[in-house]
Amino acid sequence: MNTEDAKLRVSSGAAPFTGYGVNQRYGQQSDDPNYHKGYNRGEDYNMVNQDGPVEYSGQVVTIGNHPQWGLFMQVLDDNGYTQQYSHLADVYVKEGDRVEAGQTAYKTGNSGYTTGPHLDYMILDPQGNDVDPQTYQGKDTATDPGASPSPTPTPEDGGGSTGAI
């Protein structure tokens, strides 16, 4: 996806990562032993070992490793929301870089707590509350009446989605 395609997708209200299957939706709870049990703060996309685009333009603020998320990258988008990309194999940008929607910035992988390669994508508002990636579309849910806020995560969430385990 190039930058112009990504801008068109966002402005048209299309879902993120169009063309890739969703293994587990935001907020979904599953009894399937292959998936995260409990509240899922993000969405898990069937992007297996491939280069991945940034969904919204912004600045790379964190690249790190986490026991659950594995190699992850966070982008502070132009609306002040954090886009997190987890279970990565590689990151092609560095902290402080400006990235544009559609820009290739990482390779999906199998790092952290997973049973197979995929992309875990999470959006956090400026207060750290998770936001449904299917409804965010680059809107400030605190000030935009057309945006959809997310439900509050349960304490059992443990601070993040592991997605497919």
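User: Buried means under 20% relative accessible area, exposed over 50% and partly exposed in between, with a 1.4 Å probe and protein chains only; on that scale, are tyrosine 56 and tyrosine 136 buried or exposed?
Analyst: This is a predicted model in which local features need pLDDT of at least 70 and side-chain atom pairs count only at pLDDT 80 or more, while totals for chains, interfaces and linings use all residues. Residues are numbered from 1 along each chain as its sequence is written, and side-chain values use heavy atoms, with hydrogens and water left out. By the cut-off above, both tyrosine 56 and tyrosine 136 are buried.

User: Which helix holds tyrosine 136, the partner of tyrosine 56 in a ring pair?
Analyst: Aromatic rings of Phe, Tyr and Trp (its six-membered ring) pair if their centres lie within 6.5 Å, with planes under 30 degrees apart counted as stacked, over 60 as edge-to-face and the rest as tilted, and the structure holds 5 such pairs. The rings of tyrosine 56 and tyrosine 136 have centres 5.1 Å apart and planes at 80°, so this pair is edge-to-face. Helices (H or I, at least four residues) and strands (E, at least two) are DSSP runs numbered from the N terminus; the pair joins distant parts of the chain, 80 residues apart, with tyrosine 56 in the loop between β3 and β4 and tyrosine 136 in helix α2.

User: How many residues apart along the chain are tyrosine 85 and tyrosine 121?
Analyst: The ring centres of tyrosine 85 and tyrosine 121 lie 5.2 Å apart with the planes at 40°, so the pair is tilted. With tyrosine 85 in strand β6 and tyrosine 121 in strand β9, this pair also links distant parts of the chain, the two residues being 36 residues apart.

User: Which elements give two or more residues to the largest nonpolar core?
Analyst: A nonpolar core is a set of buried Ala, Val, Leu, Ile, Met, Phe, Trp, Tyr and Cys residues joined through side-chain atoms within 4.5 Å. The largest has 22 residues, and those with the most contacts inside it include Phe17, Met73, Tyr85, Leu88 and Tyr121. The elements that contribute two or more residues are β5 (70–77), β6 (82–91), β8 (104–108) and β9 (119–124).

User: Which residues of β9 point the other way from Leu119, Tyr121 and Ile123?
Analyst: In a regular strand the side chains alternate between the two faces of the sheet. Strand β9 is mostly covered, with 6 of its 6 residues buried. Leu119, Tyr121 and Ile123 point one way from β9, and pointing the other way are Asp120, Met122 and Leu124.

User: Which residue of β9 is the bridge partner of glutamine 83?
Analyst: Two strands pair if DSSP finds at least two bridges between them, and β6 and β9, which run antiparallel, are joined by 5 bridges. Strand β2 (residues 43–45) is likewise antiparallel to β9, over 3 bridges, with glutamate 43 opposite tyrosine 121. For glutamine 83, the bridge partner in β9 is isoleucine 123.

User: Which residue in the turn between β9 and β10 has a positive phi?
Analyst: Strands β9 and β10 (residues 130–131) run antiparallel and are joined by 2 bridges, and isoleucine 123 has valine 131 as its bridge partner in β10. The two strands form a hairpin with 5 residues between them, and the turn residue with a positive phi, of about 90°, is glycine 128.

User: What distance separates the C-alpha atoms of glutamate 55 and glutamate 100?
Analyst: Glutamate 55 lies in the loop between β3 (51–53) and β4 (58–66), and because its relative accessibility is 0%, glutamate 55 counts as buried. Although glutamate 55 and glutamate 100 are 45 residues apart along the chain, their C-alpha atoms are separated by 8.1 Å.
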